[in-house]
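Student: Can we walk through this model together? I'd like short answers, please.

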Amino acid sequence: MMARVIAPSRTRFIETAFTFIALWGCALSITRYSIPEEMEEGSFVANLATDLGLDVRSLVQRSAKLDVIHSKNYLDINKETGELLIREKIDRENICMTKTTSCFLKMDVILENPIRIFNIELEIMDINDNAPVFRRKTMHLDISEATPPGERFSLTNAVDADVGANSIKTYYLSESKYFNIDIQTGSDGSKYVDLVLNGNLDREEQSVHNLILTAVDGGVPPRSGTASIVINVLDINDNAPLFSQPVFAVNLSENSAAGTLVLTLNATDLDEGTNAQLTYSYTLYTSEKTQELFSLDPNSGEIKVKGVIDYEESQSFEMHIQAQDGGVNPKSGHCKVTVFITDLNDNYPEVTIKSVKSALTEDVAVGTLIAVVSVSDGDSGDNGKVELTLNQQESLPFLLNKSAEGYFELLVSKPLDREKVSKYDITLRVTDKGSPPLAENETITLEIHDVNDNAPTFPKSFYTIHVMENNQPGALLTSLSAFDPDLNENQYLVYFIMEKEIVNTSMSMLFSINPENGDLYALKTFDFEREREFLFHIEARDSGVPPLSSNVTVHIIILDQNDNKPLIVAPWRERGTVVEEVIPRSTDKGHLITKVIAIDADSEQNARVTYQLLQITDSTLFNLDQYNGEVRTTRMFSYRDPRQQRLVIVAKDNGDPSLSATVTIQISTVENVRSFSETTELPLEYDVFTDLNLYLVIGLGAVSFLLLITILVIIVLKCQNPNPKVIKIPQPNRNSVISRNSMISQRSSTIADSTLISSDAYWYSLFLAETRKGKVVVRQPIIPKGAGYFVSSIPRSIGPSETTDSRASTLEMDLQTEPETSDLLKD
């Protein structure tokens, strides 16, 4: 069994050995080619079929292939042509990492059936495809400016991936008068460079040197690489501080405040760092007095005022100052500062009041002396020249008059008026002519005393006061306050009513005024129907010496109040009785039955009377005119109408509230009415028409006498008051009263079919003749002096009337009794 196993193994070993020997014999011949690196893909290298003696067709039949040993397959065989081609660009530096001059790429060409191996070596030749490169693009060197010339400094060399002639050949340095380079070659042929200092460095002249080092290879064309060399020159303390000038001159005003900057010293040191850090100080040549007045900042070099600078004490100061650096061996620089003191106007002018008046009366004469003033200034030259003025000179009634050198008089220049300005604060301002000028003020207080030079004044020259009638006695009407701008007793006012009589009545009996405050009071109750207005004067007098006064006109107007109710005067009847009227039943439509006449003693609206029916037996039979009071038939009587008709009529005024009066009329109808004629039989002892004429003559005489008295009173009033106030008489209306002038013209129609007219706020006279019962009724009301009005007439159809109580007196006379004059004008 062992033999069987061993026998096959030995046979296989023998076969393998013979095969290896055969192949080794075939591959002993080596073919070499040389190509440059970086050839393009597809480039032709060699024709293997020709070079190896092979048939081109056998390459395909025998499956020829290319096997690259220990490298990437950069080549390929074209089996159709037998050419060896570049399959991929070959970079010599990637294949041969070491800096060797020769670089081979080994490969085998293998053929099968039978197996045959050809060894091929491809030499890759170097081309100059790499530029020199510095390991450091920037090289920094610190060299002291004290370094002696000839000192060497190693620099980082450049590298080049190429070999041979394509490697670094030399170095170049940019132009510099302080540096050059020294190139050295190493044992391996590498080039090294040193930087050599040629001259003395000066940091203050040039603190940094920038150089360019260039490495150039030996290729064709050559390639190069550069690096920057930055050389910082290190400082040494080789420069002393230096001031901009050796001597400084400064002007400084005296009395400059502490802390005032005089000068800032700025020495310079060309060194740097601590070698340039300067410290300022006084030297021993600077006096202690100067050091007490001026401070020196050791770091900033600022010189400031520390004490009081007085020009009169010293006109200049000298300071010797040094600046020292902070080097190990410090160096210093020196300068001198001269401070010249400028004189200032530091003395204020003075004002002295020699004599002064603290008060004046407002009536002093222009030119009156108020004060004597002197001025002075301790300075000299223009600083000692002074000028004295008054503040707000234009608005003051004073002026300054120079009496002597340095002396002035303060005088009154305009009339004084205490009522405008009662006190003056006179400010005297003295100013010198220094630069800048100094000034001083002095104030004089002057009081102005009052004199009685202003009369009292009322706000208005004419006062119109309306007073409602029926006022309460003692009621305040108004307050008449005058104003007097004077003071004290010159301002205390007393009020008076200037005496004046009206109808023998003094104004002081009607009105009263408070002498202290001007309150005006009414002393009586006024009746509009008797008194309409009052015109008088009130005087206000001050308590000065002599006293001054002024007056004002007061017009009192009495206003009407609806305090009188209408009075029915026709048809006349006794109080509480019924007026009886008899008319025929054959009376036509529109026949005047009677006329109701009412008068009202008030005025205007309060006296406007209208009539209304309160009760009526048959409203279709009679009609009442609401304005004239006429009662007329609206139709003829029929047999159905009652013989007795009763009417209740109210007369109402237009006041607020309204007042009224009523009358009851009993109308009787008869078949025939007997009329009176000249043949009517009357009692023998009484002649009706003769007595009637007598009464008419008496009434006419009385009215004429009153008219004459009224004219005389008007003439007297016009003489006393040249400009009397015109009293407006109300316009007549349906119920108005005719004036005295029209009264005479209507006297002839006293017994006629006309309208009885009432007056607004005037009295009336009524003459009524009644013949039916043999009586004559005369109504004569109280007539104030200067006023009288006549009221007429009554309708013919009026029946006999009875006497009623009223404000007027009534005289009843029997036909057999003689009339008495006292009964005609009964008050």
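**Strand partners first**

Tutor: Let's start with one pair: valine 579 stands opposite isoleucine 665 in strand S49. This is a predicted model, where local features need pLDDT of at least 70, side-chain atom pairs count only at pLDDT 80 or more, and totals for chains, interfaces and linings use all residues. Residues are numbered from 1 along each chain as its sequence is written, and side-chain values use heavy atoms, with hydrogens and water left out.

Student: In which sense do S42 and S49 pair, and over how many bridges?

Tutor: Parallel, over six bridges. S42 covers residues 579-584, and S49 covers residues 660-670. Strands here are DSSP runs of E, at least two residues, and helices are runs of H or I, at least four, numbered from the N terminus. Two strands pair if DSSP finds at least two bridges between them.

Student: Which side chains of S42 are buried?

Tutor: Val579, Glu581 and Ile583, which point to one face. Glu580, Val582 and Pro584 point to the other face and are not buried. Buried means under 20% relative accessible area, exposed means over 50%, and partly exposed is in between (1.4 Å probe, protein chains only).

Student: And along S19, which ones are buried?

Tutor: Tyr280 and Tyr282 are buried on one face, while Thr279 and Ser281 point to the other and are not. S19 runs antiparallel to S22 (residues 316-324), with four bridges joining them. Tyrosine 282 has isoleucine 321 as its bridge partner in S22.

Student: What order do the four strands of the open sheet take?

Tutor: S32-S40-S39-S34, with mixed pairing. S32 (462-468) and S34 (493-497) are the edge strands, each pairing on one side only. S32 pairs with S40 (residues 549-559) in the parallel sense, over seven bridges. There, isoleucine 465 stands opposite isoleucine 556.

Student: New topic. How many disulfides does a search of the whole structure find?

Tutor: One. Cysteine 96 and cysteine 103 form it, with sulfur atoms 1.6 Å apart. The cut-off for a disulfide is a pair of cysteine sulfur atoms within 2.5 Å.

Student: Why is the disulfide of cysteine 96 and cysteine 103 called right-handed?

Tutor: Because the torsion about their S-S bond is about 90 degrees.

Student: Is cysteine 96 buried or exposed?

Tutor: Cysteine 96 counts as buried, at 15% relative accessibility. Cysteine 103 is buried too, with a relative accessible area of 1%.

Student: Last one. Where is leucine 712?

Tutor: In helix H7, residues 688-720. Leucine 712 counts as partly exposed because its relative accessibility is 46%.
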